Amino acid sequence: MSATINCREFAEYFSTPVCGRMIPAYVFEVEGAPYTIEEFYLDDLHKLFPYFPCIPEEMYSVAISLIQSFDDMEDKDSREKEDGKGVAEKGSVLVFLPGINEISSMQEALGKLIQKRLQVFPLHSSVTLEEQNNVFLTPIPGCRKVNKQKHYLSRWSSFTDQFCHLIDFCLVRQMVCDPDTNYQSLRLTWAAKTNCNQRKGRAGRVSKGYCYRLVTKAFWKTEIPEYMTPEMLLAPLSSIMLKVKLLDIGDPCSLLSTALSPPSVDNIVRTVLQLKEIGALSVRSDGRDQNYDGELTFLGRVLAHLPVDLRLGKMIVLGHVFGCLDECLIIGASQSLKNMFSVPYLQQLAGHRLLFYFFLNFIQIKSIREVAELYEELKTRVSQFNMHVTEDTQLPDYTSIHKQRFILQVAIAGAYYPNYFVQMEMDEQMATKDMCGLNPQTTVMLRRLPPYSFLYYKQLLSVFRLCGQVKTVHFENTRVFVEFSNASSNSEVLSEVSLALLLARVVSLRFIAVIYMPHFCVLCRLTADIQTLSVSPMEIGRSTADLDRLPPSRLFIVNITEVVDVGHFWGYPSDEESMTKQQKLTTEINSRTLNPVTVALHPNMCVLAPYAENAEQSLYYRAKILHISANVVEVFFVDFGNKAVVASKNLREIPSDLLSHPFQGMEFQLAGMSPSAKSIILGNKWSSQARNDFSSLIKGQLVMVSVYSILHGVIHVDMLINTQSKEISMVDILVENGHAVKTEESYDSKQNHEVLMSVYQDKQNGKYVPNSVGGSWKERMEEDKELIHSLLCHFSKRQNISSNKVKSFDHLKC
């Protein structure tokens, strides 16, 4: 940056010999006439403000205290102008912070100043262009404008707003290179005096300014460096060395030693090693200076011509080798520029929700154009090396798409070899203990909540409704488990869970707890039902909760109704007793007068729905709403396990007494198998051939299953089917056809298997007693319910609580 360059060093570098002496280059100084800017350090702050608190470890509190004090310290007679209405114009504040996380923390701290009229505008490359342009708006009369700026956002390096106060944390994030891994990363360091002085100039352009540096004066003089360390001394020199080799103007070590800030020998050695590791340099034929130089390879020549990172350049070359050049060019162009998406600073959760589904929202058109231009430039440059993008006129099928995706992964892996990260094996036993048996794919855990946290279940519900449909909130001591409804059939982590984890970072979860409470006993395990908005103690342990869906016999016949994926399907028992229950329930439903649904429809709502398109000619069955779209809804028939799309007007209300009957539909998963490598290559998890083979064998068929375990409502089974007058395991068929491999079940499944085997053994011996709960335990449950009701009533009556009886809890972590 020209504003912070070391002019003396630069002038001496371009010295010329005159009469035996080295005369530095001329330096022309153009001085302006800025207004006076007063500088203050931490030592001076309590002299200015007698009521200023002692300096805490958290510097944000110092900045907040300063902003609070500006109203009192400004001299309205001499430095503030008044408009026609007599409202004083407040001086704007500019706060320099090193990054987006610090900006977010400052934004959160400023949100506490509810008594102050502030207009806060964050400045960062990740916010939208509209939000960035708000910095130029004139503040509302009577309000003070606060801008929070990232230190190296060059777009705003010359805007001239009426800043009167400048708060500088004297921090900067600088790109450094790890000497062991040769990887670059941003590291938080102290800014140089030249940078801080440049920032100071923002406050004195249109009036007298004030600069507050949040360091002590002694620290500023002795510890803050005069100039920033040149990037050549920190970053890898790979691109520079390739240019030197391509121009053939001498060995890199000798040439770089003549630079203004010559790099260290260790940095040169690391760079040569990196280039040889990539394949851009080879061993010299003469055997000299192997650590400082090498022969330029064909790959090195290509990389020297590409304006992208070396790894991305190598990926492009490998893309040509493996037939995916076009995809690699697009990746290389997009990764070389800024993020194409910009999320509104005040709508981060909504923005990230749209990004999960890759909706065309918050796209920066300028970035898209830059990516398109760089893509065309890269395509032109690689064509000089006889690498051309071929156009495929045939539409790809499912298998070819996933095969091409795997080839692309191979190209990426080859480009970044050997810099891989290996994920360690998860401790399933510890994870099961932490999650208390709940499904981690649908549940988020919060730690360190205050006592009696179940009192805030409505607040928790309102917060996490921003992420999706909340099913249940479980409370256990100081932990809370927020469980989301799963309206999809896949077995992946819900996007609602990912959004909830993001919510913990971008949204402050704050709750007010009453310090004074009656001396009630501690309730350890509670469940908040979202549908009824009620809290009750857990009646049974979570490990035995799945016993409600335990089939009467371990071995039984299933009628398959819906195939979700390979090994994942829905069905219902086909024994005589179950079929009789189905018929009686269907007859009872359709013999009544059914009323249209009068309330608003929502996912997971239980209704009665026709199976056929013509509702007048179809019977009605119990169903659950999955998705709502315009005038139609997708429903799931809970007694059969299949889906249908019906018109909203054809839905009927379900009588409450009909909900008391257990659902007959069951979800199944084959136990002891996982996709083979071949199937993964040809599909996302399962190839299209594996899906076709599995569906053709079981869809609409009666199959024999043997229960292994029940996890989160899914029954893990072994399946036997009849082929050529003999029974064969479905897992063996999939393994024999190369679609699957045999694997062990998870720790949870094994634990549940032992419980189920014990239950079936007790049933066989006549020792099993369902729902065996002692009388004393039932009495204790009733007492706990009354206690919970009393606490909730007590809490609801104390809405207007004095400030000395409340405290804030803002330390929740997911």
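Student: As I understand it, a residue is buried when its relative accessible area is under 20%. With that in mind, how many of the 8 residues of helix α7 are buried?

Tutor: In this predicted model, 6 of the 8 residues of helix α7 (residues 193–200) are buried, and the helix is mostly covered. They are K193, T194, N195, C196, R199 and K200.

Student: And what covers them?

Tutor: The cover includes the strands β3 (37–40), β4 (92–97), β7 (163–168), β8 (171–177) and β10 (209–213), together with helix α8 (217–222).

Student: Let me step back. How many helices and strands does the protein have?

Tutor: There are 26 helices and 31 strands. The protein has 814 residues, and 42% of them are buried.

Student: What about its exposed area: how much is there, and what share do carbon and sulfur supply?

Tutor: About 45200 Å² is exposed, with carbon and sulfur atoms supplying 53% of that area.

Student: And the contacts: what share comes from residues 24 or more positions apart?

Tutor: Among contacts with a separation of 6 or more, such residues account for 69%.

Student: Back to helices. Which residues of α12 are buried?

Tutor: Helix α12 spans residues 298–305, and its buried residues are L299, G300, V302, L303 and A304. Those residues pack against three helices, α9 (238–247), α11 (265–278) and α13 (310–321), and against strand β12 (295–296).

Student: Now salt bridges. How many does the structure hold?

Tutor: It holds 13. One of them joins the side chains of D293 and K245, with N to O at 3.0 Å. The partners come from distant parts of the chain, 48 residues apart: D293 sits in the loop between β11 (281–282) and β12, whereas K245 belongs to helix α9.

Student: Are D293 and K245 buried or exposed?

Tutor: D293 and K245 are both buried.

Student: What does R311 pair with?

Tutor: The side chain of R311 meets that of E277 in a salt bridge of 3.7 Å, N to O. R311 is in helix α13 and E277 in helix α11, so this pair ties together parts that lie 34 residues apart in sequence.

Student: Why does R311 count as buried?

Tutor: R311 counts as buried because its relative accessible area is 7%, and the cut-off for that label is under 20%. Its partner E277 is partly exposed, at 40% relative accessible area.

Student: Which residue does E577 bridge to?

Tutor: E577 forms a salt bridge with K581, and their closest N and O atoms are 3.9 Å apart. Both lie in helix α21 (residues 576–590); since they are 4 residues apart, about one helical turn separates them. K581 is partly exposed, because its relative accessibility is 46%.

Student: Which residues are linked in a network of salt bridges?

Tutor: E588, R592 and D657 are linked in such a network.

Student: Then E745. What is the nearest side chain of opposite charge, and how far away is it?

Tutor: That is K750, at 9.1 Å; E745 is buried yet has no salt bridge. E745 lies in the loop between β30 (740–742) and α25 (747–765).

Student: So which side chain does E745 make a polar contact with?

Tutor: The side chain of E745 makes a polar contact with the side chain of H716, at 2.9 Å. In addition, the backbone nitrogen of G672 is 2.9 Å from a polar atom of the E745 side chain. Neighbours within four places in sequence aside, E745 is in contact with A671, G672, Y708, S709, H716 and K750.

Student: Changing topic: where is Q384, and is it buried or exposed?

Tutor: Q384 is in the loop between α16 (365–383) and α17 (398–416). It is exposed, as its relative accessible area is 55%. Q384 and H305 are 79 residues apart in sequence, and their C-alpha atoms are 9.8 Å apart in space.

Student: Last one, about the surface. Which residues form a nonpolar patch?

Tutor: F10, Y13, F14 and L260 form one, with about 360 Å² of accessible area together. Y13 lies in helix α1 (residues 7–13). Y13 counts as partly exposed because its relative accessibility is 38%.

How values were computed: Residues are numbered from 1 along each chain as its sequence is written. This is a predicted model: local features need pLDDT of at least 70, side-chain atom pairs count only at pLDDT 80 or more; totals for chains, interfaces and linings use all residues. Side-chain values use heavy atoms; hydrogens and water are left out. Patches are made of residues with over 30% relative accessible area and no salt bridge: like charges are joined within 9 Å, nonpolar side chains (Val, Leu, Ile, Met, Phe, Trp, Tyr) within 5 Å. Accessible areas come from the Shrake-Rupley method with a 1.4 Å probe; for residues, only the protein chains shown count as cover. A salt bridge is a side-chain nitrogen of Lys or Arg within 4 Å of a carboxyl oxygen of Asp or Glu. Helices (H or I, at least four residues) and strands (E, at least two) are DSSP runs, numbered from the N terminus. Buried means under 20% relative accessible area, exposed over 50%, partly exposed in between (1.4 Å probe, protein chains only). Lys and Arg count as positive and Asp and Glu as negative; His and the chain ends are not counted. A polar contact is a pair of N or O atoms within 3.5 Å; within protein, one must be able to donate a hydrogen and the other to accept it, and residues adjacent in sequence count only if both atoms are side-chain atoms. Contact means heavy atoms within 4.5 Å.
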